[in-house]
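Subject: Structure handover

Dear colleague,

Here is the structure I said I would pass on. Please open it beside this email, as the notes below refer to residues by number.

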Amino acid sequence: MKESFWGAFVVGLGITTIILMFYFQTLTNTDEHNYTLLKETTEAAMTDAFDIATYNTTGNIRIDREKFVESFLRRFAQSASLANEYRIEIYDVNEYPPKVSIRIKSRKTQSLAILLGGQDTFNFEIVNKLDAILETPY
């Protein structure tokens, strides 16, 4: 009888460990996805917003603020995960020299119904920040 209780304990502990590993893997993947999406989208939007006319006339490297914001939001919306709520804060866009500062907060609701057997849910927020400068090969 004693060995069967140990067997049940080991199986229960294994199932609990697998559930916790799945939960933390979901958090890590969400954070990685958001950061990679933020980095790639910012780079592409800055390239789209590059002002070629100013470069041809004066030789200065400059981006257009409105074009950057429009391109960034469009690209981010196309690739964002639908399971999260996003709050995008573009709090600094310098046209010359080209620099942007962006913060993305993603909110996700998780349920602990599997672990606790009830309807307990909680919200958490993952914040990613990026300061980007447009670099040229010259």
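What follows is a list of findings, grouped by region. Please keep in mind that this is a predicted model.

**Core**

The largest nonpolar core has 18 residues. Within this core, the residues that touch the most other members are Met 46, Ile 63, Phe 68, Phe 72, Val 100 and Ile 102. Two or more residues each come from helix H1 (2-48), helix H3 (65-79), strand E2 (99-111) and strand E3 (121-133). H1 provides the largest share of this core, with 4 residues.

Phe 68 is a useful residue to display. Apart from neighbours within four places in sequence, Phe 68 is in contact with Thr 42, Ala 45, Met 46, Ala 49, Ile 90, Val 93, Val 100 and Ile 102. Among these contacts, Met 46, Val 100 and Ile 102 also appear in the list of core residues that touch the most other members.

**Salt bridges**

There are 7 salt bridges in the structure. As background, side chains of opposite charge can pair when their charged atoms come close.

One of the salt bridges is between Arg 75 and Asp 48, with 2.8 Å between the closest N and O atoms. Arg 75 belongs to helix H3 and Asp 48 to helix H1, so this pair links distant parts of the chain, 27 residues apart. Arg 75 has a relative accessible area of 28% and is therefore partly exposed. Asp 48 is also partly exposed, because its relative accessible area is 31%.

Glu 95 and Arg 62 form another salt bridge through their side chains, at 2.7 Å from N to O. Glu 95 sits in the loop between E1 and E2, and Arg 62 in the loop between H2 and H3, so the pair ties together parts that are 33 residues apart in sequence. Glu 95 is partly exposed, with a relative accessible area of 21%. For Arg 62 the value is 24%, so this residue counts as partly exposed as well.

A salt bridge also joins Lys 99 to Asp 92, where the closest N and O atoms are 2.9 Å apart. Lys 99 counts as partly exposed at 25% relative accessibility, and Asp 92 is partly exposed with a relative accessible area of 24%.

Finally, a network of salt bridges links Arg 87, Glu 89, Arg 103 and Lys 105.

**Loops**

Asp 64 is in the loop between helix H2 (52-58) and H3. Not counting residues up to four places away in sequence, Asp 64 touches Ala 49 and Glu 95. Glu 95 is the residue that pairs with Arg 62 in a salt bridge. The C-alpha atoms of Asp 64 and Asp 51 are 6.3 Å apart, with the two positions 13 residues apart in sequence numbering. Is Asp 64 buried or exposed? Neither term applies: its relative accessibility is 27%, so Asp 64 counts as partly exposed.

Pro 97 is in the loop between strand E1 (85-94) and E2. The peptide bond that joins Tyr 96 and Pro 97 is cis, with omega at about -15 degrees.

**Strand E2**

Ser 106 lies in strand E2. The relative accessible area of Ser 106 is 2%, so the residue is buried; the cut-off for that term is under 20%. The Ser 106 side chain makes a polar contact of 2.9 Å with the side chain of Asn 34.

Arg 107 is also found in strand E2. This residue counts as partly exposed, because its relative accessibility is 37%. The C-alpha atoms of Arg 107 and Asn 84 are separated by 5.8 Å, although the two are 23 residues apart along the chain.

**Surface patch**

Which residues make the nonpolar surface patch of about 450 Å²? They are Trp 6, Phe 9, Val 10 and Leu 13. Trp 6 is in helix H1. With a relative accessibility of 53%, Trp 6 counts as exposed, the cut-off being over 50%.

Regards

Methods: Residues are numbered from 1 along each chain as its sequence is written. This is a predicted model: local features need pLDDT of at least 70, side-chain atom pairs count only at pLDDT 80 or more; totals for chains, interfaces and linings use all residues. Side-chain values use heavy atoms; hydrogens and water are left out. A nonpolar core is a set of buried Ala, Val, Leu, Ile, Met, Phe, Trp, Tyr and Cys residues joined through side-chain atoms within 4.5 Å. Buried means under 20% relative accessible area, exposed over 50%, partly exposed in between (1.4 Å probe, protein chains only). Contact means heavy atoms within 4.5 Å. A polar contact is a pair of N or O atoms within 3.5 Å; within protein, one must be able to donate a hydrogen and the other to accept it, and residues adjacent in sequence count only if both atoms are side-chain atoms. Patches are made of residues with over 30% relative accessible area and no salt bridge: like charges are joined within 9 Å, nonpolar side chains (Val, Leu, Ile, Met, Phe, Trp, Tyr) within 5 Å. Accessible areas come from the Shrake-Rupley method with a 1.4 Å probe; for residues, only the protein chains shown count as cover. A salt bridge is a side-chain nitrogen of Lys or Arg within 4 Å of a carboxyl oxygen of Asp or Glu.
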